[in-house]
Amino acid sequence: MARLATRRPADTPGSPALKRALTTPLLYFFILGDVLGAGVYVLVGQVAADAGGAVWVPLGVALLLAMLTAASYAELATKYPRAGGASHYATRAFGPFAGFVAGFCMLAAGIVSVAALARGFGGDYLSAFVTLPVGLVAVVFLAVLALVNARGIKESTRANVVATVVEVGGLLVIVALGGWLLLRGDGDVGRLGQLGTPEKGAAAAVLSGSVLAYYSFVGFETSVNVAEETRDPRRSYPRALFGALATAGAVYVLVGLAASVAVPTARLAESSGPLLEVVEEAGGVPPRVFSAIALVAVANGALLTGIMSSRLAYGMARDGLLPAALTRVLPGRRTPWVAIALTTLLSMLLALTGSVATLASTLVLLLLVVFLMVNTAVLVLRRDPGEAGHFRAPTVLPVLGAASCVALATQIEAEVWLRGLLVVAVGAVLAALAAVRRSGGAREDGRDEADG
């Protein structure tokens, strides 16, 4: 109880505030753009390999599971509308150690994700137009994104609106091509009911496929880090969050239906560009068009994840969990330039070393650790009234959300667990060091007061 009443560094009067510039439509497009990232362009084939031809089933299940945790985020983001997100919630509920671990997991996932997307931007999709060294492209790409991020949240999210329209347009083209194949009698609707593989029954196939499909919906959690920059978060955030997830889910299910109808399951499962298989099967759309759309999707996902990472670092610094220098903001733009610079440099380092591939598979596990903490934090923080009029999720939703995290984690391979636990262990060590620094500072303050 005492923890809830204690003033934290983040609450200190006079700390720099971020500009409230986001409206409900801008926030909606921010979330939708982050969810509709590059993943859907490659994951459909992998889901088919795990679940069979009925790709739409695990996509629908993953949407429902994401909605559970989204309800917890909606309650906490409207109750505590501040940058910092999961780290801030875990700090309030369980103390600074848990807050640091949650924030560190989010930071690690975000920085690695941006680095991976930067390498992806310089890879095969760009090669359809020009061939350049991947490392050089990644560095220039990340530098440009950092400048857009530093210019301002409104400018970043306006660019996201354009990119999101392009991404959604590309996916709707896939849906239309699937319908066109059916109309001309070339599609196979029988595949829509094929659930399961020779190795897995229907239930196991759905759960296994849902783990991969769940990654397609990851991104909604980043939006809590811009709640402080939303004009009316209590009203805007739940509407934008659930609206964006519902839109993404509908698009994903339609894409899954189109891909299953258009392309044989085995061919879909073997392809690293499954949506291009649909384009080639249907004809009429130049493959280069999809390369361009994919580049937009990658760039947009990297920009939004970069915004999340910098705001998370800023929020953790205000909570005293990271160095105070990360709270510095540009005088005119009021964007956290030091946090942007640091997270960008780390992403550049990972992109240049090529170690992103070894960590990329741990992203889902790291986020499941964070989601478990968020869902349980909702229940713990019910004793704190928070801001009046905030969104309140039915108690059963965070309970089911926590259970879903555990269920999905059981489907992750042992090798990924080892890598994920290593990252968590590093976060725990850094959290312990931060605790020692805080306790040393508290003793110094006590001595100063006694001397006075």
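**Entry 1: Thr 305**

I began with Thr 305, whose place is in helix H14. Helices here (H or I, at least four residues) and strands (E, at least two) are DSSP runs, numbered from the N terminus. The model I am reading is predicted, so I kept to its conditions: local features need pLDDT of at least 70, side-chain atom pairs count only at pLDDT 80 or more, and totals for chains, interfaces and linings use all residues. Residues are numbered from 1 along each chain as its sequence is written, and side-chain values use heavy atoms, with hydrogens and water left out.

Is Thr 305 buried or exposed? I found a relative accessible area of 9%, so Thr 305 is buried. The term buried means under 20% relative accessible area, exposed means over 50%, and partly exposed lies in between (1.4 Å probe, protein chains only).

I then looked up what Thr 305 touches, leaving aside neighbours within four places in sequence. Its contacts are Asp 34, Gly 110, Ser 113 and Val 114. Contact means heavy atoms within 4.5 Å.

**Entry 2: The largest cavity**

I next turned to empty space. Rolling a probe the size of a water molecule over the atoms shows where such space is left. On a 1 Å grid over the protein atoms alone, a cavity is a set of points where a 1.4 Å probe fits but cannot get out, whereas a pocket is an open set with protein on both sides within 12 Å along at least five of seven lines; lining residues have an atom within 4 Å of a point. Grid points are joined across faces, edges and corners, and a volume is the space filled by probe spheres set on the points.

How many cavities of 30 Å³ or more does the structure hold? I noted three. The largest cavity has a volume of about 120 Å³. Its lining consists of 17 residues, and those nearest its centre are Val 114, Asn 149, Ala 302, Gly 306 and Thr 344. Val 114 is also one of the contacts of Thr 305.

Which helices each supply at least two residues of this lining? They are H6 (96–121), H8 (134–151), H14 (287–318) and H15 (337–353). The largest share, six residues, comes from H14. By kind, the lining of the largest cavity divides into nine nonpolar, eight polar and no charged residues. Ala, Val, Leu, Ile, Met, Phe, Trp, Tyr, Cys and Pro count as nonpolar, Asp, Glu, Lys and Arg as charged, and the others, Gly among them, as polar.

**Entry 3: The second largest pocket**

I recorded a volume of about 520 Å³ for the second largest pocket. Its lining has 25 residues, with Phe 104, Ala 108, Ile 111, Leu 346 and Leu 430 nearest the centre. H6, H15 and helix H19 (414–451) are the elements that give two or more residues to this lining. I counted 22 nonpolar, two polar and one charged residue in the lining of the second largest pocket.

**Entry 4: Aromatic rings**

The structure holds nine aromatic pairs. Rings of Phe, Tyr and Trp (its six-membered ring) pair if their centres lie within 6.5 Å; planes under 30 degrees apart count as stacked, over 60 as edge-to-face and the rest as tilted. Phe 121 and Phe 141 form a stacked pair, at 4.3 Å centre to centre with 15 degrees between the planes. Phe 121 lies in helix H6 and Phe 141 in helix H8, so this pair ties together parts that are 20 residues apart in sequence. Both rings belong to buried residues: Phe 121 has a relative accessible area of 18%, and Phe 141 has 8%. I also noted a cluster in which ring pairs link Tyr 73, Tyr 214, Phe 220 and Phe 371.

**Entry 5: Three valines**

Val 144 is in helix H8 and is partly exposed, at 44% relative accessible area. Its C-alpha is 9.5 Å from that of Leu 303, although the two are 159 residues apart in sequence.

Val 380 is in helix H17 (residues 363–380) and is partly exposed, at 25%. Not counting residues up to four places away in sequence, Val 380 touches Ala 93 and Phe 94.

Val 253 is in helix H11 (residues 233–262) and is partly exposed, at 21%. With the same sequence neighbours set aside, Val 253 touches Trp 56, Leu 59 and Gly 60.

**Entry 6: The whole protein**

I closed with totals. The protein has 19 helices and zero strands. Of its 452 residues, 54% count as buried.
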